[in-house]
Each structure stands twice: as structure tokens, then as C-alpha cells.
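Visitor: I should be grateful for a close look at a single part of this model, namely the surroundings of its ligand. Please begin there and then proceed outward.

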Amino acid sequence: MTGLPAIRRIDLTLGGGVDLDDVVGRDDVIANWWKALETRSLRVTEPRRFGKSTTLKLMASRPPAGWICLYNTVQDASTVERLIELTLGMIQEHTSFSHKVRQKIRSFGQAVGPKVEVQKWGATFELAADFRKTPFHAFEAALADVHAELEKKDQRLVIVWDEFTDCLKKIRDSDPVAGPHQAAETLSLFRALRERVCGRRIRWILSGSVGLHHVLRSLPNAGSVNDVDTVALGPLEPEPAKWLARCLLLGQGRYDEPRLAALLTKASSGIPFVLEHMVAQISASGVAPATEEEAQRTLTLAADAMDAGEAMVPLLERIRTYYSDDDWKAALIILDELAAKPRKLSGLVERMATKLGREVDEEWVRSITERLVEDRYLMFDRPALRYTWLYGAFRGIWHAKRRLE
Ligand SMILES: Nc1ncnc2c1ncn2[C@@H]1O[C@H](COP(=O)(O)OP(=O)(O)OP(=O)(O)O)[C@@H](O)[C@H]1O
Ligand SMILES: [Mg+2]
């Protein structure tokens, strides 16, 4: 890890978007992702508010020599055309591509009246009517040109689609009959595209707080992202987390307090968003924890404050929409049980049967538990053969939010 900068005042943003110059502790993970991109495309899943978008934007803002990285959030793209338009728009606006390539891409589009910049990282681009029926043709042709230019200049391109799971779900839900087929087809066509025109020069990063597996299992053909490797972001390491805690405390007009920063680092599991809310709690109450137990109490109070101010939508709100009613109820029971203590699968099955007042299928409980593992809320502790919450801070927040005993 590279050295940390000197301690300085940093203001709380509480989810409002951190200044990229204030982001530390992500160099190693970004370096690992660049290395992995040499050989394959990637998908990143971590729970909500973990720092995925921040890290990806940081990555896009400082690519290593020879790489171009285009970031966009595709959460609101509810059709394949829109997804392709967003992507072509990004390429067309990026100044490192030659005038010729950008002009060529523009030729797939049409004038769309007064341009509205949808978002800072986005671009306005609309496919011409002819291509709206066959958007993949336009996309493939455009990418072939981009590829040729990358080849000539010996460069490589990474396209980041943040919140891709939401986009795919919207395509799936656009029509009860055709939607699932369109979503499956989108995945297969993108896979074919990766194989046909992207070669080693164009890679993708698909990111989201909800694992793609939730949507994949509901599609007629689920195997189309097998060539994309899953990578984790993880929390901040203790040293950068402590650095951030000290800076945030200074930003609140407090003195430099390394001991308090260490307590906050541990209780927050190194998740910057949680850390920020704990510092906000200390600042608002004027009470700083002096022990690990007191730091847990600060976490609980911070969790309450997050909800009261609706600064944090419910921890698993987005994930909820990916479960059927029955599965969601079961997921709640699993998360509640594991918030109290780690358990073996057999223990979870037993508790589920008691709570639901009926016999339950072990495979059903296993599949829901494993989905929560894939979304990185839970983990399987192999030596102990027990499931447990992956991040202690999220366990604590869940415990507080659900008013568990
Ligand atoms: N390295 C960091 N340093 C300081 N603050 C950070 C860092 N990473 C994240 N944050 C804080 O956490 C907030 C959430 O980060 P971000 O939006 O990147 O998370 P996310 O995983 O993309 O969340 P979501 O799943 O809701 O899209 C940021 O707005 C910022 O306040
Ligand atoms: Mg995000």
C-alpha cells in the first residue's frame, strides 16, 4: 500500500458523494482490478453504500498508461437501446478517441433536440431510427471501429456499467412475456460481442449492490456471464480507515484522536459510510466512546439516526425486490438469526421451521442463504461450518434496525 497523506480536515458528506481527492485506501484493490482486466471482464458486488461507485469513479479518473476507462451508471436504462445509447454516448464524448471514430459513432445517432446532460458521467446520444430496431448491429459496428483504433494506438478500453443488475431487471420486467427473453438475449448478445469484437482490447466491469445471480436465475438462459469474473471490493484496511476517521473527526472541529479513530475503525468494520455516520453521531451528541462496548452503542445510535433522517434507505431495501414474498420472509429470518449468533445450516433449518410453524425444505433454506452469501451480506465460516454476517458493522446495524434482543 502506498503511504497515507498527512492528516487533514475532511467534511462529512454522508453519502452525498465524496471528493475523489479524499478517497484513500483503494489503491491496492484498484491495482488488482487493473491486473485482472488484462485477462478478463469483471463483476463487482458489495452491499449498498459500500464505496463501489466511488472506487470505480476513482479508477476511471486515473487509468494506467495505455488504458481508457469509461464509467456510467446504467440503473435507469430500462431498454437495450438505452443501454447502448448511454455507452455510445460516452465513447463519442471521450476526447481520447480520434475525430474519425467519434464522427463514425455519431453517424449511428440522430439529432435529439436540445441536449440535456443527464448526469455528470453520462452523455446524451440517441440511436437513429434505423438502428433502434437492431441496436446490437450499431453497437457491434461502432465497437469494431473503436477496436481498430485501439489496436492502431496500442490502447485498451474498459467500459464500467454501474448498477447493471438493476438495468437487467428493468429489461426483464418491461414485459411479462417478452421481458425475460429480452434480458437473456441481451446477456447472450453481449457475450457474443465480447468474443467477436472486443478481444483483449475492450473489457467490461459490471457492478451493483445486488448480485447478478438474482436476475440470472429468473431468466430462460442463465449462463451468459460465465466469462466475467467476480471480484470483491472489501472494506478499507485498518490504517486508511483510521486515517479517514481522524480526518473526519478533525473536520468536525475535534482534536486529532487516534485512539478514538481506532475504536471507530473497528466498530465500523472499515466501511467508510458507516464511519461517517458514527462521526456524525459523536459530533451531534458530543459524546465519544471510550471502549469497544461504547463504540457499539455509537454504531447503534448512528443506525437509528440514519433511519430517522432517511440518510440510509433500509439496509437491504434494494435486495428485497429480488426475492419473492416467501423467499424474502425466509431471508429476514436467516438474517435475524445470524444477527444473534452464527449458525450451521441445520440450525437455520430448525429455526426456520419453528418460526414458520411448518416443515421446511433444507435446499430452500440453503439456496436463500447462499444468495445472501453471493450478495456479500453473509459468509460461510468453513472451519466452523457456520454461516455468519460478513461485516460486523452491518450485523450491528441490522440488529439495531430490527430491534432484536
Ligand atoms: N474511500 C472512501 N473515503 C471516504 N468516503 C467514502 C469512501 N468510499 C465511500 N465513501 C462514502 O460512502 C458513500 C457511499 O459510497 P458509494 O456511493 O461509492 O457506495 P456504493 O457502494 O456505490 O453504494 P450504492 O450501492 O448505494 O450505489 C459515499 O458517498 C461517501 O460518503
Ligand atoms: Mg453506487
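Visitor: Which domains give residues to the shell around ligand 1, and where does the ligand therefore lie?

Guide: This is a predicted model, in which local features need pLDDT of at least 70 and side-chain atom pairs count only at pLDDT 80 or more, whereas totals for chains, interfaces and linings use all residues. Residues are numbered from 1 along each chain as its sequence is written, while chains are lettered from A and ligands numbered from 1 in the order in which they are written.

Ligand 1 lies between domain 1 (26–231) and domain 2 (246–308), because both give residues to its shell. The domain bounds come from an automatic or database domain assignment. The shell comprises 21 residues, of which Gly-51, Ser-53, Thr-54, Ser-209 and Pro-272 come nearest; a residue is counted as near when its C-beta atom, placed from the backbone, lies within 6 Å of the molecule. Two elements, α2 (52–61) and α12 (272–285), each give two or more residues to this shell. Helices (H or I, at least four residues) and strands (E, at least two) are DSSP runs numbered from the N terminus. By character, the shell divides into 6 nonpolar, 8 polar and 7 charged residues. Here Ala, Val, Leu, Ile, Met, Phe, Trp, Tyr, Cys and Pro count as nonpolar, Asp, Glu, Lys and Arg as charged, and the others, Gly among them, as polar.

The assignment also gives domain 3 (317–401). The centres of domain 1 and domain 3, taken over C-alpha atoms, are separated by 33 Å. Contact between these two domains involves 9 residues of domain 1 and 9 residues of domain 3, contact meaning that C-beta atoms, placed from the backbone, lie within 7 Å. On the domain 1 side of this interface there are 2 nonpolar, 5 polar and 2 charged residues.

From the ligand one may turn to the interior. The largest nonpolar core has 102 residues, and among those with the most contacts inside it are Leu-264, Leu-275 and Met-278. Such a core is a set of buried Ala, Val, Leu, Ile, Met, Phe, Trp, Tyr and Cys residues joined through C-beta atoms within 7 Å. A residue is buried if 20 or more other C-beta atoms lie within 10 Å of its own, exposed if 12 or fewer, and partly exposed in between, with C-beta atoms placed from the backbone. Helix α10 (residues 238–251) gives the most to this core, with 7 residues. Neighbours within four places in sequence aside, Leu-264 is in contact with Ala-245, Leu-275, Met-278, Val-279 and Ala-295.

Within domain 1 (26–231), strand β1 (41–45) is preceded by a loop from α1 (27–37) that holds Arg-40. Arg-40 is partly exposed, with 14 other C-beta atoms within 10 Å, and touches Asp-227, Val-228 and Asp-229 when residues up to four places away in sequence are not counted. By contrast, 4 of the 5 residues of β1 are buried, so this strand is largely enclosed by the rest of the structure. Strand β1 pairs with β5 (residues 228–231) in the parallel sense over 4 bridges, and 4 bridges join it to β4 (residues 202–208), also in a parallel run; pairing requires that DSSP find at least two bridges between the strands. Leu-42 stands opposite Asp-229 in β5 and has Ile-205 as its bridge partner in β4.
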